[in-house]
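The following paragraphs lead the reader through one structure, from its overall build to selected local features. Please keep the sequence and the three-dimensional view at hand while reading.

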Amino acid sequence: MPVEPRKALDEVRPYIPGKPIEELRRELGIEDEIVKLASNESAAGTSPKAIEAMKKSIEEMYLYPDDVCYYLKRGLAKHLGVAEENIFTGNGSVELILYAPLAYLSSGDEFLTSEQAFLIGKISAKVMGAVFTAVPEKDYKHDLNAMRDALNEKTKIIYLDNPSNPLGTKHSRKEIEDFVYSIPDGILIMLDEAYYEFVRDSDFPDSIQFVKENKNVLILRTFSKIYGLAGMRIGYGIAPPEIISTIRKTRIPFNVSRLGQIAELAALEDEDHVSRTVQLIDEGKKYLSGEFEKMGVFYIPSCTNFITLKPGIDVKKLFAKLQKRGIIIRPLAGYGMPDFIRVTIGTMKQNKRFIKALKEILEKP
Ligand SMILES: Cc1ncc(COP(=O)(O)O)c(C=O)c1O
């Protein structure tokens, strides 16, 4: 007789990430270079300082990592202007989207988010047997007023990504401040800022201020995007010490690899790489937006390293046709946007290849 899983798991659908390059190669037997524009990885690649640090330390990998990430936390604290007790380091920021619900949600509590926010929260909430509520976007931004109206006595966690994945839009300092200050006590607000380094606008919230004010806010950031270290899996949370020590109780020992800690610490100091990456993304964004405009394709102006667009043809067919040409993008049906796709901004060569393929397909759908 099979072992009976917890009832809550009946509701859980595993997360499907962007299709890996290796998988498409296997499926289609494609020999040419495959362009993956599906997971918002960095077009500028890995920080050279991180690569050098990793090479130097590769022979130490028989040792366990430093479980408390002492040097990495110290580096991050200095970089962010907070105390080390304000920081939690995780195996990707995604790990925190699991740990926070594990720490705070009991069966029947509510996890409130936007329908167009990163999807992992749905899995975590459902695993905990919590109620998952997602409010639809308005004008391609999270509908903060509707989210506030949806609050009720069961709401325990609010999760918001700013900028939003998949919309690529952001909320201003005032919008986030008004929202955070209007949330009653006893609710954890998770502000996921995975793409904040790409934002070129000074009107972005200084969310660390909420942590300094001891608000129930947990900020999530990552080394996967701007630093080009998605494969090393490191993200971190910034929150008041009480929240950090609560979440730490759910943590798996050695959750951050030894190589990862070394790479991230070096990457933090690689300001040249950060500026090169931002420049490359800005150039790519300008090019892609310009091409979409020339083609009359609707897109959502983005402040991240990806663009969401409505190609005007069947997205499933477009996805398949692009794959045949060795290009992987992300259809957005899972985010309630069946007519949209999300495209990571790649290198100029990759962007041009994508545009050429898109034009050919749109001309002969
Ligand atoms: C909004 C958002 N948060 C978190 C993540 C996951 O980041 P990490 O690689 O740090 O787990 C992503 C990845 O695409 C994301 O888009």
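Helices and strands are DSSP runs numbered from the N terminus, a helix having at least four residues and a strand at least two. The model discussed here is predicted. In these terms, Y140 is placed in the loop between β4 (131-135) and α6 (144-150). The backbone of Y140 has a phi near 60°, a positive value in a residue other than glycine. Most residues other than glycine have a negative phi, and most peptide bonds are trans. Y140 has 14 other C-beta atoms within 10 Å and is therefore partly exposed, since a residue counts as buried at 20 or more such atoms and as exposed at 12 or fewer.

From this loop one may turn to the whole chain. Its secondary structure amounts to 13 helices and 13 strands. Along the principal axes, the C-alpha atoms fill a box of roughly 60 × 55 × 50 Å. A compact globule of 365 residues would have a radius of gyration near 21 Å, and the chain, at 21 Å, agrees with this. Of the 365 residues, 44% count as buried. Among contacts between residues at least 6 apart in sequence, 75% join residues at least 24 apart.

The domain assignment divides the chain into domain 1 (7-45 + 272-363) and domain 2 (48-269). The centres of domain 1 and domain 2, taken over C-alpha atoms, are separated by 24 Å. To the contact between them, domain 1 brings 30 residues and domain 2 brings 30 residues. On the side of domain 1 that touches domain 2, α11 (271-295) and β10 (306-310) each supply at least two residues. The largest share of that side, six residues, comes from α11. By character, the residues on this side of domain 1 comprise 15 nonpolar, eleven polar and four charged.

Where does the largest nonpolar core lie with respect to domain 1 and domain 2? This core has 92 residues, of which A100, I157, M190, V217 and L218 touch the most other members. Helix α4 (residues 94-104) gives the most to the core, with seven residues. Both domain 1 and domain 2 give residues to the core, so it lies between them. L218 illustrates the packing: leaving aside residues up to four places away in sequence, L218 touches A100, L188, M190, G237, A239 and I243.

Helix α10 (residues 258-268) offers a further view of the interior. Nine of its eleven residues are buried, so the helix is largely enclosed by the rest of the structure. Those buried residues are G260, Q261, I262, A263, E264, L265, A266, A267 and L268. They pack against α2 (48-57) and α3 (70-80).

A ligand is also part of the model, and 13 residues surround it. The closest are G92, V94, T222, S224 and G235. The shell around the ligand consists of four nonpolar, seven polar and two charged residues.

Two further backbone features deserve attention. The peptide bond from N162 to P163 is cis, with omega near -5°. P163 is placed in the loop between β5 (155-161) and α7 (173-182). The second feature concerns N40, whose phi is near 55°, a positive value in a residue other than glycine. N40 lies in the loop between β1 (35-36) and α2.

Is N40 buried or exposed? N40 has 24 C-beta neighbours inside 10 Å and therefore counts as buried. Apart from residues up to four places away in sequence, N40 touches N165, K225, N305, F306 and T344. Of these contacts, the pair formed with N305 spans 265 residues in sequence, while the two C-alpha atoms are 6.4 Å apart in space.

Terms used. Residues are numbered from 1 along each chain as its sequence is written. This is a predicted model: local features need pLDDT of at least 70, side-chain atom pairs count only at pLDDT 80 or more; totals for chains, interfaces and linings use all residues. A residue is near a molecule or strand if its C-beta atom, placed from the backbone, lies within 6 Å of it. Ala, Val, Leu, Ile, Met, Phe, Trp, Tyr, Cys and Pro count as nonpolar, Asp, Glu, Lys and Arg as charged, and the others, Gly among them, as polar. Domain bounds come from an automatic or database domain assignment. Two residues are in contact if their C-beta atoms, placed from the backbone, lie within 7 Å. The radius of gyration is taken over C-alpha atoms; the globule rule is 2.2 Å times the number of residues to the power 0.38. A nonpolar core is a set of buried Ala, Val, Leu, Ile, Met, Phe, Trp, Tyr and Cys residues joined through C-beta atoms within 7 Å.
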